[in-house]
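Student: I would like to learn how to read a structure like this one, feature by feature. Could you take me through it, giving the general idea before each case?

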Amino acid sequence: MNNQTIEILSAVKTGLMDAYIRFIDEAVYWDIVSDEDYRTARRIIRTLCEKVGMEVPNFVEESLTVEEFCRYLSQESYGGYGDNALEITALFNKLISYLDDNMYEVQIIKVESDIPKELKFDSIIDDLMNCETRIDVGDYSGAITSARSMVEGVCKEILIKCGVKEISYNSVPSLFDKVRKVLNLDPSDESLDKPLKQIISGLNKTVGGLNEIRNKVGDGHAGRRRPTLHHAVLAVNAAKTITNFLFHTLEYQKEKGTIAIVSEER
């Protein structure tokens, strides 16, 4: 069976080597390996380094794009092409060998979010971007905080759009509970199918869990534990799933005419 993680690392390793030498020669390099592929490999590298107990090299830790990667290595103080090429090769080969020897594969699944920019409250869109950026830079506590803030912002915006003038804030779960009722998603509603009721009830527990994990390890509190990559990815993906569902439910209910939107513009 093919190991997808090894394939990703092998392809990005070759791409980065080619991109780096082209960058030095001032040739076109940005079509060699995409920033998205590099960031995927970067997440894998950070995960594996944590697993095997080795430090993430600075040229990976401090570079979020292929250009930043190439510029970091091209600094005169960092070393010549030969030494840098060997360092790149050594890092990737060591991790690929670990994956191969242990038949291990890294699976980081990221849920895409298609919340449009017109649905925003304060910094919803910023929180969405912050979730990704903070994971990329290893700020897992910050990513969890942004994920919780994104759910909070979407809930508030939906309530405002649906004409709820006074939004008393106690907690994100209480906001979510209000939004469920506004969007006709109350699990006690006999008209809802049983499977949908179970999913909605599950989302309610997920919101509660997201709120709790933020309180324990988010950057807004002095947490006793440090979250890891998979904790942050879980929280961010959960937040994206919740906000996607709420937005699409809002659109569906609006088209059906079962809810009235007070204002489309803020």
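Tutor: Gladly, and please keep in mind throughout that this is a predicted model.

Student: Where should I begin: how many helices and how many strands are there in the chain?

Tutor: A useful start is to list the secondary-structure elements in order. The chain has 10 helices and 0 strands, and from the N terminus on its elements read α-α-α-α-α-α-α-α-α-α. Of its 266 residues, 44% count as buried. Among the contacts with a separation of 6 or more, 68% are accounted for by residues 24 or more positions apart.

Student: What does a contact between residues far apart in sequence look like in a single case?

Tutor: One compares the separation along the sequence with the distance in space. Lys254 and Cys162 are 92 residues apart in sequence, and their C-alpha atoms are 9.8 Å apart in space. Lys254 belongs to helix α10, residues 229-256, and it counts as partly exposed because its relative accessibility is 28%, which lies between the limits of 20% and 50%.

Student: Next, the packing of helices: at what angle do α1 and α2 pack?

Tutor: The general idea is to read the angle between the axes, then the hand of the crossing, and then the residues that meet. For α1 and α2 the angle is about 120°, with the axes 10 Å apart, and that makes α1 oblique to α2. The crossing of the two is left-handed. On the α1 side the contact is made by Thr5, Ile8, Leu9, Val12 and Leu16, and on the α2 side by Asp37, Tyr38, Thr40, Ala41, Ile44, Ile45 and Leu48. By class, these residues of the contact of α1 with α2 divide into 9 nonpolar, 2 polar and 1 charged.

Student: And how do the axes of α2 and α5 cross?

Tutor: The axes of α2, residues 35-52, and α5, residues 81-102, come within 11 Å and cross at roughly 70°; the two helices are therefore roughly perpendicular to each other, a term that covers angles from 65 to 115 degrees. This crossing, too, is described by its hand, and it is left-handed. Ile45, Leu48, Lys51 and Val52 in α2 meet Leu91, Phe92, Leu95, Tyr98 and Leu99 in α5. The residues of this contact of α2 with α5 comprise 8 nonpolar, no polar and 1 charged.

Student: Is the arrangement of α8 and α9 roughly parallel or roughly antiparallel?

Tutor: Here the direction of each helix, from N to C, has to be taken into account. The axes of α8 and α9 come within 9 Å and cross at roughly 155°, which makes α8 roughly antiparallel to α9, as the angle is over 145 degrees. The crossing of α8 and α9 is right-handed. Val172, Pro173, Phe176 and Arg180 of α8 meet Ile200, Leu203, Asn204, Val207, Gly208 and Asn211 of α9, and the contact of α8 with α9 has 6 nonpolar, 3 polar and 1 charged residues.

Student: Turning to the loops, which residue between α8 and α9 has a positive phi although it is not a glycine?

Tutor: A backbone angle of this kind is worth reading together with its place in the chain and its accessibility. The residue is Asn184, with a positive phi of about 60°, and it is found in the loop between α8 (172-182) and α9 (194-217). Asn184 counts as partly exposed, at 32% relative accessibility. Glu26, which is not a glycine either, also has a positive phi of about 60°; its place is in the loop between α1 (4-24) and α2, and at 75% relative accessibility Glu26 counts as exposed.

Student: Finally, how many aromatic pairs are there?

Tutor: For aromatic rings, one reads the distance between centres and the angle between planes. The count comes to 4 aromatic pairs. One of them joins Phe23 and Tyr29, an edge-to-face pair with 5.3 Å from centre to centre and 85° between the planes. Phe23 counts as buried at 15% relative accessibility, and Tyr29 counts as buried at 8%. The rings of Tyr98 and Tyr104 have their centres 6.2 Å apart and their planes at 65°, so this pair is edge-to-face. Tyr98 is partly exposed, with a relative accessible area of 22%, and Tyr104 counts as partly exposed at 26%. In addition, Tyr38, Phe59 and Phe69 form one aromatic cluster.

Conventions: Residues numbered from 1 in each chain as written. Predicted model: local features only at pLDDT ≥ 70, side-chain atom pairs only at ≥ 80, totals over all residues. Heavy atoms only, no water. Phe/Tyr/Trp six-rings, centres within 6.5 Å; stacked < 30°, edge-to-face > 60°. Buried < 20%, exposed > 50% of the residue type's maximum accessible area, 1.4 Å probe, protein only. Axes fitted to C-alpha atoms, helices over the stretch in contact; angles between N-to-C directions. Helix = DSSP H or I, 4+ residues; strand = E, 2+ residues; numbered from the N terminus. Parallel < 35°, antiparallel > 145°, perpendicular 65-115°, else oblique. Left-handed = near helix turned anticlockwise from the far one by under 90°. Contact = heavy atoms within 4.5 Å. Nonpolar A, V, L, I, M, F, W, Y, C, P; charged D, E, K, R; others polar.
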